[in-house]
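Got your viewer open? Load the model, switch to a cartoon view, and let's walk around together.

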Amino acid sequence: MKLSASLGLWQDRPPEEALDTARAAEAAGYPELWIGEMATWDAFALGTAIGAATSRISLTFGPLAVTVRDPATIAMGVASVAALTGRATGVALGTSSDVVVRGWHGRSRDRAATALAESAVAVRQLLAGEKSSVDGTVVGSLGYRLRLPAPESPLTIAAFGPRALDVAARHADRMVVNLVSPAAAATLVRGLHAAAGRAGTTPPPVAAWVVAAADPGPAELEQLRRGVVGYLAAPGYADMFRAAGFGDLIDFARTRPHPRELLAAVPAEAIAAVGLFGSRDEIAAKIGSYAAAGVDELAIVPATSDDDPGGEKTLAACRSAAVPFDA
């Protein structure tokens, strides 16, 4: 079981805390840091700052929404950070959500799986230093070549539905899934292997983003509960939480209660179902469950608070708990 770290970009914490998490991840021995893009930082600007604040950790950007960022800007961003920081870089692509794509950016998510596949081909060309040649039906890039040194970054595809699994099987060096239980992860791993079988490809390794809190206090618990709320009524995620035993919670979420009411109804057990939560032994047991599900890598998204700025305690605890699985 490989471990990497991911920034939580928690909205209840100072934005600059992302730098603390990056430094804590490097100090704990994590080889790779995922830098997503939500409502605060531009991913590439933050990655450049993290490169200056750390000394060796590799940087993976995304998942970036392929209907928001086009292949040329993605490749330019990755190459820029690689050139400015001297770090190994990677990039992850995904389709994001209606809230982000349609609401925040005013873009369309129509034919999102097609956009994902076309972006994957074009981004891979560009990151390899080739001239782009994708005349896509949704997105594309023609005739561009990076002026900076090509970073030759590996490509990760974020997948949850069947069409994204097909794209990952055909185009990814790694697939990533987000906020899933071990049972849901096992289903997605099987789906990836089936898709690879149909495509005649070798299935890539699978990483799972998991929220984590070692011996959490009230602040960490509240933060993680807030992080789960937005997924409870979402397609696919609702079915996963129902299968994990939270059917009443899902039924309540679908009545569209006030967010405060829904937040108050989320039990700690719902968080534990999709992450690493509790004592070191409990975290180790959950890592074992993900390993048994066929997950090759866990990207730890640590809870943060005034008692654990940057998630240093949680990152160290998860690293320690994973030692038996590294043997």
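Which side chain of opposite charge is nearest to lysine 286, and how far away is it? Select lysine 286 and have a look around: the answer is glutamate 282, 10 Å away. Lysine 286 is buried and yet has no salt bridge. Keep in mind during the whole tour that this is a predicted model.

While you're here, color helix H13, residues 280–292, since that's the helix holding lysine 286. Now show what surrounds this lysine. Setting aside neighbours within four places in sequence, lysine 286 is in contact with Pro182, Ala272, Ala273, Val274, Gly275 and Leu276.

**Zoom out for a moment**

Bring the whole chain back into view. You should be able to pick out 15 helices and 11 strands. The radius of gyration is 19 Å, close to the 20 Å that the globule rule gives for 327 residues, so the chain is as compact as a globular protein of that length. Turn it along its principal axes and the C-alpha trace spans about 55 × 40 × 40 Å.

Try coloring by burial next: 53% of the 327 residues are buried. If you switch on a surface, you're looking at about 13800 Å² of accessible area, with 54% of it belonging to carbon and sulfur atoms. Contacts tell another part of the story. Of those between residues at least 6 apart in sequence, 70% join residues at least 24 apart.

Now color by charge. There are 29 positive and 34 negative charges, and their mean positions sit 6 Å apart.

**Salt bridges**

The whole structure has 15 salt bridges, and a few make good stops. Begin with glutamate 32 and lysine 2, whose closest N and O atoms are 3.6 Å apart. This pair links distant parts of the chain: glutamate 32 belongs to strand S2 (residues 32–35) and lysine 2 to strand S1 (residues 2–6), 30 residues apart. Are the two partners buried or exposed? Glutamate 32 is buried, at 5% relative accessible area, while lysine 2 is partly exposed, at 39%.

Next, select arginine 174 and glutamate 297. Their side chains meet in a salt bridge at 3.0 Å, N to O. Arginine 174 is in strand S8 (residues 174–178) and glutamate 297 in strand S11 (residues 297–302), so this bridge ties together parts that are 123 residues apart in sequence. Both of these residues are buried. Now show both pairs at once: salt bridges with shared partners join Lys2, Glu32, Arg174 and Glu297 into one network.

For a local pair, go to helix H1 (residues 17–27), where arginine 23 and aspartate 20 lie 3 residues apart, about one turn of the helix. Their side chains form a salt bridge at 3.0 Å, N to O. Arginine 23 is partly exposed, at 38% relative accessible area, and aspartate 20 is partly exposed too, at 31%.

**Two loop stops**

Select alanine 322, in the loop between helix H14 (312–321) and helix H15 (323–326). Which residues does alanine 322 contact, leaving aside neighbours within four places in sequence? They are Leu3 and Ile287. Alanine 322 is buried, with a relative accessible area of 1%. Draw a distance from its C-alpha atom to that of isoleucine 283, 39 residues away along the chain, and you should get 8.4 Å.

Then jump to lysine 131, in the loop between helix H5 (112–127) and strand S5 (133–134). Lysine 131 is partly exposed, at 47% relative accessible area. Beyond its neighbours within four places in sequence, lysine 131 is in contact with Gln125, Gly143, Tyr144 and Arg145.

**Backbone details**

Switch to sticks for the last stops. Where glycine 62 joins proline 63, you'll find a cis peptide bond, with omega at about 5 degrees. Proline 63 is in strand S3 (residues 58–65).

Move on to serine 96, in the loop between strand S4 (89–94) and helix H4 (98–104). Serine 96 isn't a glycine, but its phi is positive, about 60 degrees. Its relative accessibility is 37%, which counts as partly exposed.

Finish at arginine 256, in the loop between helix H10 (247–253) and helix H11 (259–265). Arginine 256 also has a positive phi, near 55 degrees, in a residue other than glycine. This arginine is exposed, with a relative accessible area of 77%.

Key
Residues are numbered from 1 along each chain as its sequence is written. This is a predicted model: local features need pLDDT of at least 70, side-chain atom pairs count only at pLDDT 80 or more; totals for chains, interfaces and linings use all residues. Side-chain values use heavy atoms; hydrogens and water are left out. Helices (H or I, at least four residues) and strands (E, at least two) are DSSP runs, numbered from the N terminus. The radius of gyration is taken over C-alpha atoms; the globule rule is 2.2 Å times the number of residues to the power 0.38. Buried means under 20% relative accessible area, exposed over 50%, partly exposed in between (1.4 Å probe, protein chains only). Contact means heavy atoms within 4.5 Å. Accessible areas come from the Shrake-Rupley method with a 1.4 Å probe; for residues, only the protein chains shown count as cover. Lys and Arg count as positive and Asp and Glu as negative; His and the chain ends are not counted. The place of a charge is taken as NZ of Lys, CZ of Arg, CG of Asp or CD of Glu. A salt bridge is a side-chain nitrogen of Lys or Arg within 4 Å of a carboxyl oxygen of Asp or Glu.
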